[in-house]
Amino acid sequence: MLPKTRYARSDDVLIAYQVTGEGPVDVVLAPGTMSHLDLDWEIPRRALFFERFSRFCRLIRFDKRGTGLSDRPVKMATLEERTDDIRAVMDAIGIERANIFGASEGGSMACMFAATYPQRMNALLTWGAQARWIATADYPWGQTQAEFDEMLKMVLDGWPSFEYITGPGAGLGKDADPAYIETIARYMRAAASPSAVYAYEQMNGAIDTRPILSAIKAPTLVMNRTGDPVCHVEGARDMAARIPGAKFKEYPGNSHSMMLDDMETILSDIQEFVTGERPIDASDRILATVLFLDIASSTERATALGDAAWGNLLNAYYSIVRKELARFRGKETNTAGDGFLATFDGPARAIRCAIAITVGVRQLGIDVRAGVHTGECEMMGDNVGGIAVNIGARIMSSAKPGSVLASGTVKDLVAGSGIEFMDMGTHALKGVPGEWKLFAAQS
């Protein structure tokens with residue numbers, strides 16, 4: 001169930017917020033240019049991130065004025081007014097002090113709040129934020145004025161464009177899964193209108209927090225990816241150097257997003273910073289798509305063929321499977337007899353790979369069953385484990401010969417990819433709690 005959306009009054013505007021988790025510390029998350037509290041829970045990768053975040057704190061998220069579920073006044077808010085929304089939400093909940101976490105442009109809000117209300121700060125955290133967003137003679141990081149003007153055109157021309165989402169706007173990166181890009185496009189259309197984004201981006205271009213950074217007294221953690229296309233890593237490093245005693249952590253990747261396969265490492269670093277305790281083995285968990293394969297009626301076929309012929313058929317089968325895994329960037333993690341377990345960094349590639357395999361092995365006179373699921377996996381050397389792997393195996397067991405069966409999570413993640421699914425109803429998966437909606441992928 002979605003957490004209850006409540007509203008805090010900030011001057012004459014109502015600010016929507018949601019609270020998840022039970023503590024022992026409070027973290028207020030200031031969003032970037034746009035957000036949508038409810039739709040966060042409909043995107044599996046984002047939902048997983050916020051669920052995991054809420055395990056070690058009381059997480060307070062809000063949509064700033066003009067975006068998401070908050071009031072959308074005609075006049076867009078200044079940085080000072082947006083910053084005051086943090087105070088309004090804290091007052092509405094009854095929080096005197098909190099850890100303030102600003103993501104992207106929300107980092108500017110968080111820094112402003114830390115400098116303005118030091119008595120209400122436990123700690124400051126930022127992700128993908130720098131002191132200003134347009135480069136100048138004395139500040140070489142950020143867009144040139146011409147690049148910034150071009151980005152503003154992107155906002156009004158076919159909002160939200162592929163270039164804005166993957167480049168200087170949302171910064172997903174050129175390697176982002178096409179299905180996920182389409183999901184984020186729908187999210188952004190719901191989160192803010194083109195005119196609102198245009199106005200906010202214009203004001204973001206005028207932000208320069210350098211004069212107030214030295215006034216921040218709270219313990220500070222500044223985080224950034226090495227190849228972030230929105231926030232230059234050296235710009236983030238410069239911001240950390242201007243805040244007394246701030247720590248800087250750099251993560252690999254060419255994306256602006258925190259919500260990649262290394263989210264467990266990032267969240268563990270955040271947990272350690274705000275609570276002083278680090279979860280055990282958190283870095284050994286990743287978000288992945290698992291693909292299970294086996295040959296239908298393999299025992300009967302092996303008995304009929306005999307050992308030598310069956311061995312030759314298996315070798316040909318292995319060759320087809322491994323060729324398609326290489327083609328779709330799958331990683332073979334476990335093979336036993338005719339069973340394969342592979343992982344992918346994108347669910348659409350896993351589905352297309354499974355379809356290609358089911359078609360390719362028909363030349364051998366066999367059918368395979370395939371099961372696909374996306375979830376949190378435990379790294380076990382070169383292998384993977386955990387509940388997501390168990391679910392994937394059970395989904396495969398429910399598949400008919402020659403079919404690719406996927407969980408509802410996978411179906412939602414690949415929306416917009418062009419892959420079609422047939423609803424196969426609700427199933428009970430052996431050893432897995434609850435009932436699961438399964439879908440057959442269509443070639």
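A: A residue counts as buried when its relative accessible area is under 20%, and as exposed when that area is over 50%. Please keep in mind from the start that the model in front of you is a predicted one.

Q: Is serine 104 buried or exposed, and what is its relative accessible area?

A: Serine 104 has a relative accessible area of 13%, which is under the 20% cut-off, so this residue is buried. Serine 104 sits in the loop between strand β5 (98-103) and helix α3 (105-116), and its phi is near 60°, a positive value in a residue other than glycine.

Q: Where does serine 297 lie, and is it buried or exposed?

A: Serine 297 belongs to the loop between β9 and α11 (298-305), and because its relative accessible area is 51%, it counts as exposed. Like many loop questions, this one also has a backbone side: the phi of serine 297 is positive, about 55°, although the residue is not a glycine.

Q: What is the phi of glycine 94, and which helix comes before it?

A: Glycine 94 follows helix α2, and its phi is positive, near 90°. Helix α2 itself covers residues 79-93, has 15 residues and reaches 22 Å from its first C-alpha to its last, which is close to the 21 Å expected at 1.5 Å a residue. The buried residues of α2 include Leu79, Arg82, Ile86, Val89 and Met90.

Q: Why do residues three or four places apart in an α-helix point the same way?

A: An α-helix has 3.6 residues a turn, so residues with that spacing point the same way. It is a helpful idea to carry along when you look at a list of buried positions in a helix.

Q: How many of the residues of α13 are buried?

A: In α13, 12 of the 14 residues are buried, so this helix is largely enclosed by the rest of the structure. Among them are Pro347, Arg349, Ile351, Cys353, Ile355, Ile357, Thr358 and Gly360. Helix α13 runs over residues 347-360 and reaches 20 Å from its first C-alpha to its last, close to the 20 Å expected at 1.5 Å a residue.

Q: How should I read a buried residue in a strand, and what is the relative accessible area of leucine 59?

A: The reading works in the same manner as for the loops: leucine 59 has a relative accessible area of 0%, and therefore it is buried. Leucine 59 is found in strand β4 (residues 58-62). You can also compare distance along the chain with distance in space, for leucine 59 and glutamate 22 are 37 residues apart in sequence, yet 8.1 Å apart in space from C-alpha to C-alpha.

Q: Which residues does a cis peptide bond join, with omega about 15°?

A: Such a bond joins glycine 23 and proline 24, and proline 24 has its place in the loop between β2 (13-20) and β3 (26-30). Another cis peptide bond joins tryptophan 159 and proline 160, with omega about -15°, and proline 160 is in the loop between α4 (145-156) and α5 (162-166).

Q: How many aromatic pairs does the structure hold?

A: The structure holds 12 aromatic pairs. For phenylalanine 49 and phenylalanine 50, the ring centres are 5.6 Å apart and the planes stand at 80°, so this pair is edge-to-face; both residues are buried. For tyrosine 317 and tyrosine 318, the centres are 5.9 Å apart and the planes are at 40°, so the pair is tilted, and here too both residues are buried. An aromatic cluster is formed by Trp41, Phe49, Phe50, Phe53, Phe56 and Phe101.

Q: Which residue lies over the face of phenylalanine 50?

A: Arginine 61 lies there, at 4.7 Å from the ring centre. In a further case, lysine 411 lies over the face of phenylalanine 439, at 5.1 Å from the ring centre.

Q: Which residues line the largest cavity?

A: The lining is made of Leu48, Asp261, Met263, Glu264, Arg285, Ile286, Leu287 and Glu376, and by class it has four nonpolar, no polar and four charged residues. Strand β9 gives the largest share, three residues, while α10 (263-275) and β9 (285-295) each supply at least two. About 30 Å³ of space lies in this cavity, and the structure holds one cavity of 30 Å³ or more.

Technical notes: Residues numbered from 1 in each chain as written. Predicted model: local features only at pLDDT ≥ 70, side-chain atom pairs only at ≥ 80, totals over all residues. Heavy atoms only, no water. 1 Å grid on protein atoms, 1.4 Å probe; cavity = no way out; pocket = protein on both sides within 12 Å on 5 of 7 lines; lining within 4 Å. Points joined across faces, edges and corners; volume = space filled by probe spheres on them. Helix = DSSP H or I, 4+ residues; strand = E, 2+ residues; numbered from the N terminus. Nonpolar A, V, L, I, M, F, W, Y, C, P; charged D, E, K, R; others polar. Phe/Tyr/Trp six-rings, centres within 6.5 Å; stacked < 30°, edge-to-face > 60°. Buried < 20%, exposed > 50% of the residue type's maximum accessible area, 1.4 Å probe, protein only. Lys NZ or Arg CZ within 6 Å of the ring centre and 35° of its normal. Expected span 1.5 Å × (residues − 1).
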